Amino acid sequence: MKNRLITLLVLAILSLLSGILISKMSFIGKVGITLIYNEYIIFKSWWQTALVMFIIQLIIFGILSFSQHKKQSKFKRSILPILFILIGVAGFYYTYYDFTETSHRLMKKSFHFGFYLFWMTWFINCFFFFSTKPKQITPIGSNEIV
């Protein structure tokens with residue numbers, strides 16, 4: 001339980017840092033969001049961006065937490081984290097491609113690094129569940145001698 005709380009704290013801090021970096025976009029990006037791409041207005045506010053990033057991480061954390069059962073084999077427990085890692089690799093690649101080949105390359109490096117940090121946090125979240133073993137829960141009174 002202690003490791004999970006520490007992991008959630010790390011996810012929260014990295015999501016906060018990611019939100020702050022994303023909100024420090026270039027002037028051209030702020031003008032584009034204000035005038036044309038109104039659906040991305042959330043990226044102008046650091047706390048809203050950090051909250052969205054943290055909620056996404058919490059959803060992944062919850063899905064991976066509920067999928068970990070002691071009765072399953074190691075192979076079955078590792079399928080979902082590996083699937084999320086593959087989704088993260090695809091997302092990281094698409095983000096890199098988008099920031100190098102499209103007009104998003106005009107954004108500041110801090111904006112780019114904020115999204116790269118989001119994907120790194122995604123990987124941290126997945127590797128935590130990939131590397132941990134679920135705890136054996138013993139019922140109360142099971143250690144009594146019969």
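Begin with the lining of the largest pocket, which by class has 17 nonpolar, 5 polar and 1 charged residues; the model you have open is a predicted one. To see where this pocket sits, select Y40, F43, D98, H104 and F111, which lie nearest its centre among the 23 residues that line it. Then colour α2 (27-35), α3, α4 and α5, since these are the elements that give two or more residues to the lining. The space inside the largest pocket comes to about 700 Å³.

Stay with H104 and select it on its own. H104 belongs to the loop between α4 and α5, and because its relative accessibility is 33%, it counts as partly exposed. Leaving aside residues up to four places away in sequence, show the side chains of D98, F99 and H112, which H104 touches. If you next add G29 and draw a line between the two C-alpha atoms, the separation from H104 is 8.1 Å, although their positions lie 75 residues apart along the chain.

Move from the pocket to the largest nonpolar core. Of its 23 residues, select F111, F115 and W122, which touch the most other members. The elements that give two or more residues to this core are α1, α3, α4 and α5, and α5 supplies the largest share, 10 residues. Centre the view on F115 and display I22, F43, M53, T95 and F99, with which F115 is in contact when residues up to four places away in sequence are not counted.

Now select helix α3, residues 46-66. Its 21 residues should span 30 Å at 1.5 Å a residue, and the C-alpha atoms at its ends are 30 Å apart, so the expected and modelled spans agree. Within α3, highlight the buried residues, which are T49, A50, M53, Q57, I60, F61, G62, L64 and S65. With these highlighted, bring up α1 (2-23), α4 (74-101) and α5, the helices against which the buried residues of α3 pack. As a guide to reading such a pattern, an α-helix has 3.6 residues a turn, so residues three or four places apart point the same way.

For a last stop, go to K133, in the segment that follows α5 (109-131). Is K133 buried or exposed? Its relative accessibility is 71%, and K133 therefore counts as exposed. Finally, select K74 together with K133: the two are 59 residues apart in sequence, and their C-alpha atoms are 8.6 Å apart in space.

Conventions. Residues are numbered from 1 along each chain as its sequence is written. This is a predicted model: local features need pLDDT of at least 70, side-chain atom pairs count only at pLDDT 80 or more; totals for chains, interfaces and linings use all residues. Side-chain values use heavy atoms; hydrogens and water are left out. Helices (H or I, at least four residues) and strands (E, at least two) are DSSP runs, numbered from the N terminus. Buried means under 20% relative accessible area, exposed over 50%, partly exposed in between (1.4 Å probe, protein chains only). The expected span of a helix is 1.5 Å times one less than its number of residues. Contact means heavy atoms within 4.5 Å. On a 1 Å grid over the protein atoms alone, a cavity is a set of points where a 1.4 Å probe fits but cannot get out, and a pocket is an open set with protein on both sides within 12 Å along at least five of seven lines; lining residues have an atom within 4 Å of a point. Grid points are joined across faces, edges and corners, and a volume is the space filled by probe spheres set on the points. Ala, Val, Leu, Ile, Met, Phe, Trp, Tyr, Cys and Pro count as nonpolar, Asp, Glu, Lys and Arg as charged, and the others, Gly among them, as polar. A nonpolar core is a set of buried Ala, Val, Leu, Ile, Met, Phe, Trp, Tyr and Cys residues joined through side-chain atoms within 4.5 Å.
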